[in-house]
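Trainee: Could you take me through the enclosed spaces in this model, with the conventions stated as we go?

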Protein chains: 2
Amino acid sequence: MSRPAGGPAGPHPEARLSRAAAGRLSLYLRRLEEFRKRGAVKVSSGQLAGALGLSDAQVRRDLACLGGLGHPGVGYVTGELIATIRQRLGLDRDWSVALVGVGNLARALLRYQGFRQQGFQVRALFDNNPAVIGQVVEGIPVRPLAELRPAVAAVRAELGVITVPSEAAQAVADELAGAGIRGILNFAPVVLRLPERVSLVTVDLTVQLEQLAFLVQVGSD
Amino acid sequence: MSRPAGGPAGPHPEARLSRAAAGRLSLYLRRLEEFRKRGAVKVSSGQLAGALGLSDAQVRRDLACLGGLGHPGVGYVTGELIATIRQRLGLDRDWSVALVGVGNLARALLRYQGFRQQGFQVRALFDNNPAVIGQVVEGIPVRPLAELRPAVAAVRAELGVITVPSEAAQAVADELAGAGIRGILNFAPVVLRLPERVSLVTVDLTVQLEQLAFLVQVGSD
């Protein structure tokens, strides 16, 4: 649902963001940080649109939801826009993260610079494989699953990442929810059932590859 | 753009699918395969909707685009629906895949059962690290980047997967495009520039985690 048009004060800075709009703000943030790294003090909606393959109108609409940040004839001040988006997305703080299932995918995620740069700090690792328990990965010791609840409390983890095989994912999700985790990023290709108070984002890598196959096929029709 | 309503034959089986609708078909496919594994010969739109957190109306609309597959009072025949979705998404055939950048993420992807099950066959691996070149990973030898063009041609790869660091991604994408690849799944958090004939799906894992943080924050407002 879009907000009713024509309110007296225009789009309110606290207007509800859709999930899709929040996703686009993430993408703007990534590009804005690149622009800033290259020394761009100002940026236009057209530059952002061009870098992301979106329409200028879409970018303007999304950024209007953040409040009156655009300066006519100037564009946006890069640093100001970055700070506002980070605040709006809940990235103006650190998030403590617990990760369960320390295989190749987890090791790739732990080395992924982007997580740390955006304030996601993995502070606890868990696995049920005796060969993996006790290993120290990127400075963090791998604990047995039996220690999940006290360890999650000790590091005050709010987000959980699930990188275990499908058949183990629901039990791990239950444990994380029981430990007080507020959101789960799930890489197992299963639908998890969670209490309403726990948010869920599932990354199904096969769906992404299927989407690509579909685009290639449509392109050749 | 949606199709004009009221055509004489109702939704045509070849009606254009949006990218979002194609993504949902992938999700239906995943659930339908689970239902079939459990022995469900028939399935209702309500069951699919419930399993995915979508509305019944949304599921019916999406499946109507596939042609008249629903049987009143019965629902859908699981096997028939699976075959039709696979055909529509371009999954009724094998896709030969080349992957560049054989680190932890690549190794996780190579072990990922879902890819092979859906017909995605990784047939060539490339890296520029002398310590990795010559290794055999999941039965496939890792070749130097210099061999990319002839090797892509030899295995008739149509899709490419990029799991190299950001700063190397554009050069690798150029090589893949030059080798005749038709679609790229990119895991590097950069915007790639590709010729129009090459389709692109980018998986930005930080965006997914940021989306989760946003949902958690909104939930606690």
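Trainee: Which residues line the largest cavity?
Mentor: This is a predicted model, in which local features need pLDDT of at least 70, side-chain atom pairs count only at pLDDT 80 or more, and totals for chains, interfaces and linings use all residues. Residues are numbered from 1 along each chain as its sequence is written, and chains are lettered from A in the order in which they are written. On a 1 Å grid over the protein atoms alone, a cavity is a set of points where a 1.4 Å probe fits but cannot get out, and lining residues have an atom within 4 Å of a point. For the largest cavity these are Val97(A), Leu99(A), Leu109(A), Leu110(A), Phe115(A), Val122(A), Val161(A) and Leu209(B).

Trainee: What is the volume of the second largest cavity?
Mentor: A volume is the space filled by probe spheres set on the points, which are joined across faces, edges and corners. The whole structure holds two cavities of 30 Å³ or more, and the largest contains about 40 Å³ of space. For the second largest, the value is about 30 Å³.

Trainee: How do the residues lining the second largest cavity divide by class, and how many are nonpolar?
Mentor: Its lining comprises Leu209(A) together with Val97(B), Leu99(B), Leu109(B), Leu110(B), Phe115(B), Phe120(B), Val122(B) and Val161(B). Ala, Val, Leu, Ile, Met, Phe, Trp, Tyr, Cys and Pro count as nonpolar, Asp, Glu, Lys and Arg as charged, and the others, Gly among them, as polar. No polar and no charged residues are therefore found in this lining, and the nonpolar ones number nine.

How values were computed. Heavy atoms only, no water. 1 Å grid on protein atoms, 1.4 Å probe; cavity = no way out; pocket = protein on both sides within 12 Å on 5 of 7 lines; lining within 4 Å.
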